[in-house]
Amino acid sequence: KEKIDEPQVAGLVRASSAAGGGSDNPVAATILSLVRNEDLEEMIASVMEVERAFNSKFAYPYTFLNDAEFTQEFQDAIRAALPAGRKVQFGTIAPEDWSVPESIDLERFKASMQHLEDEGVAYATRESYHNMCRYFSRGFYHHPLLREYKYTWRLEPGVKFFCEVDYDVFRFMADQGKVYGYVLNLYDNLQSVESLWRDTREWLEDHTQYLSEGGAFDWVRENMQKPENFATTGGYSTCHFWTNFEIASLDWLRSEPYEAYMDFLESMGGFYYERWGDAPVRSLALALFADRSQIHWFRDIGYSHFPYINCPNSDRCDKRCSPAEFVPWDNLEVENCQATWIRYAMTQEERDL
Ligand code: GDP
Ligand code: MN
């Protein structure tokens with residue numbers, strides 16, 4: 001199979017050769033983790049992964065957020081795992097950003113959670129999971145600790161990065177005018193988003209001014225494998241970027257279309273009455289309000305978050321993953337939506353990159 005390399009664009013920024021390293025031309029960016037104290041060990045493992053693959057060269061700061069206070073032990077252990085001088089900040093989430101809003105009818109919430117659980121929707125009855133999805137959809141980019149930043153790289157506990165990344169990915173995003181970067185692109189559970197697209201379409205009728213001319217509309221509306229699912233979702237393919245890895249422009253998230261859309265979604269209550277994930281929410285917003293060319297597939301970033309893997313066929317990748325393994329590439333019909341993206345949203349130029 002064909003080898004995969006760095007993006008073929010001029011001016012990729014390399015790490016500084018000066019003592020202490022860092023990017024030769026850094027962006028206001030941070031690696032961001034939402035994590036619980038009890039996930040310390042897996043968090044450190046992830047930090048080591050991203051350091052080895054990327055950040056030991058580029059020295060970007062870390063931001064850790066939690067709905068509870070981080071213990072001293074957690075903070076000390078994270079700092080101890082990192083080179084001296086690496087900036088690390090720890091923040092708590094305001095309770096109102098991490099709780100069921102007053103507008104939610106608790107009886108209806110309870111009943112819907114039970115219904116979704118019976119339908120087999122993962123985490124349906126876990127209130128904290130609903131809070132988490134809502135927070136990643138509409139909350140995190142307002143956290144005071146992120147005010148100074150323009151980009152975040154989302155890092156979850158227990159993930160792996162298999163390949164050397166030798167260019168400044170944040171600089172790449174900024175220089176190429178990208179607002180979003182992802183690695184994996186999947187179908188979603190139908191029941192978790194039954195009304196998301198129906199609601200969205202209704203709202204769009206009065207908000208057509210927000211639609212991007214070059215939106216990735218067909219990625220949302222075409223389902224190359226399972227058009228029968230449209231009956232459940234009202235025409236949404238359920239294609240979404242797998243947000244557990246994402247590089248996002250905070251300016252873009254803080255823009256009027258995104259914020260207006262989030263206010264609308266909040267008013268519909270679907271973070272609680274259904275189990276709208278931040279992944280489909282983010283993905284619909286991107287498909288509708290961004291230009292397709294502002295969304296970048298980091299096919300060169302080897303990544304795993306259980307149960308999926310992107311392992312590029314590249315000499316930059318280590319032996320822990322099998323080259324050209326793109327799980328669930330084999331299971332394309334059931335779970336992988338990247339083919340739809342390539343067909344409907346990528347320009348020829350991007351395919352060649
Ligand atoms: P999954 O990947 O969909 O199975 O969901 P995860 O359990 O990995 O949660 C997604 C992200 O939110 C991860 O970074 C978790 O560490 C974080 N997370 C989930 N629930 C909580 C919570 O209740 N508190 C905190 N602080 N973080 C959470
Ligand atoms: Mn996860």
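Visitor: Which protein donors does the manganese ion (ligand 2) have?
Guide: Glu156 (OE) and His305 (NE2), lying 2.0 to 2.2 Å from the ion. Donors are N, O and S atoms within 2.8 Å of the metal (3.2 Å for Na, K and Ca); water is not among the atoms, so the site may look incomplete. This is a predicted model: local features need pLDDT of at least 70, side-chain atom pairs count only at pLDDT 80 or more, and totals for chains, interfaces and linings use all residues. Residues are numbered from 1 along each chain as written, chains are lettered from A and ligands numbered from 1 in written order, and side-chain values use heavy atoms, without hydrogens or water.

Visitor: Where in the chain do Glu156 and His305 sit?
Guide: Glu156 is in the loop between strand E4 (151-154) and strand E5 (160-161), and His305 is in strand E11 (residues 303-305), 149 residues apart. Strands (E, at least two residues) and helices (H or I, at least four) are DSSP runs, numbered from the N terminus.

Visitor: Is Glu156 buried or exposed?
Guide: Glu156 is buried, as is His305. Buried means under 20% relative accessible area, exposed over 50%, partly exposed in between (1.4 Å probe, protein chains only).

Visitor: Switching to helices. Which residues of H1 meet H2?
Guide: Leu40, Met43, Ile44 and Met48 in H1, which meet Glu73, Phe74, Ala77, Ile78 and Ala81 in H2. Contact means heavy atoms within 4.5 Å.

Visitor: And which residues of H10 does H6 meet?
Guide: Pro257, Ala260, Tyr261, Phe264, Leu265 and Met268 in H10; the H6 side is Leu196, Asp199, Thr200 and Trp203.
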